[in-house]
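This report describes helix packing and the main pocket of a single model. The sequence and structure are shown first.

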Amino acid sequence: MKRVDMNCDLGESYGAYTIGNDEEILDYVTSANIACGFHAGDPSIMRKTVKTALEKGIQIGAHPGLPDLIGFGRRNMNITPQEAYDMTVYQIGALYGFVRSEGGRIQHVKPHGALYNMAAKDAALAKAIAEAVYRIDSALILFGLSNSELIKAGKEAGLQTASEVFADRTYQKDGSLTSRNEKGALIHKDEEAAAQVIRMVKENKVLSQQGSEVVLKADTICIHGDGEHALSFAKNIKQSLEEAGISIKPISAKL
């Protein structure tokens, strides 16, 4: 039986602003990527999200991003590998404190937004992030875009890696995600997203916007928690996977 992890970006509310439907979505995923205060989240939100995830038995991951609250961490910044390393260490450390204080442990690390996409193509940034993760805890699993420099760097650093695919994003012929600034970057129809996910898991392929097939590995599926219909989207993806005979398990149980 095919097995796959389902992850979601959570804990992205901030102060008086509420983003996403965290508590409900946690009923449909197996791993939670929790914002660490740079692109979103704050100390109170981090604590609450960690506590809820642990109560529901969901595996926790640190979700470090660029220091860009206004842009939600989705705008590229000209940072050095050393800065990428420092940002990653700092944010994992922040979440680690909350997870430990609640009696849990961190399963994985997944960079957020622009940092994630930059590291997918920039080998130096990818190496810095992988090194930061390894030095904190070599048992942590590094999530990265399938076939990316981040996955390559994680393996070279001695980390377990999880190749990630996206339910609600379209792909380019080089295997990268279509930029959110371009038309057709997001998939809005539940049935279209479900069909793409099932094919990626079962056949290890996805159809690019250019019409060519991209070969990839699908260890974990990302469900974005900040979308307008995120909850129904998560429900539908989970149901579709189960109906297709695909088992949904945390990535740590799969590796």
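## Largest pocket

The lining of the largest pocket comprises 14 polar, 8 nonpolar and 7 charged residues. The model behind this description is predicted.

In total, 29 residues line the largest pocket. Those nearest its centre are G113, A114, N117, R169 and L177. The space in the largest pocket amounts to about 590 Å³. Helix 4, which spans residues 113-121, contributes the most to the lining, with 7 residues.

## Helix 4 against helix 5

Helix 4, the main contributor to the pocket lining, also packs on helix 5. The two axes cross at roughly 115° and come within 6 Å. The crossing of helix 4 and helix 5 is left-handed.

On the helix 4 side, the residues that meet helix 5 are L115, M118, A119 and K121. Their counterparts in helix 5 are A123, L125, A126 and I129. By class, the contact of helix 4 with helix 5 holds 7 nonpolar residues, 1 charged residue and no polar ones.

## Helix 5 against helix 6

Helix 5 covers residues 123-136 and helix 6 covers residues 149-157. Their axes lie 8 Å apart, and the packing angle is about 45°. An angle that is neither under 35 degrees, nor over 145, nor from 65 to 115 counts as oblique, and helix 5 and helix 6 are therefore oblique to each other. The crossing of helix 5 with helix 6 is right-handed.

Helix 5 makes this contact through A123, A126, K127, I129, A130 and Y134. Helix 6 takes part with E149, L150, A153, G154 and A157. The residues in the contact of helix 5 with helix 6 are 8 nonpolar, 2 charged and 1 polar.

## Residues of helix 5 in both contacts

A123, A126 and I129 of helix 5 appear in the contact with helix 4 and also in the contact with helix 6. L125 is listed among the helix 5 residues that meet helix 4, while K127, A130 and Y134 are among those that contact helix 6.

Conventions:
Residues numbered from 1 in each chain as written. Predicted model: local features only at pLDDT ≥ 70, side-chain atom pairs only at ≥ 80, totals over all residues. Heavy atoms only, no water. Axes fitted to C-alpha atoms, helices over the stretch in contact; angles between N-to-C directions. Helix = DSSP H or I, 4+ residues; strand = E, 2+ residues; numbered from the N terminus. Left-handed = near helix turned anticlockwise from the far one by under 90°. Contact = heavy atoms within 4.5 Å. Nonpolar A, V, L, I, M, F, W, Y, C, P; charged D, E, K, R; others polar. 1 Å grid on protein atoms, 1.4 Å probe; cavity = no way out; pocket = protein on both sides within 12 Å on 5 of 7 lines; lining within 4 Å. Points joined across faces, edges and corners; volume = space filled by probe spheres on them.
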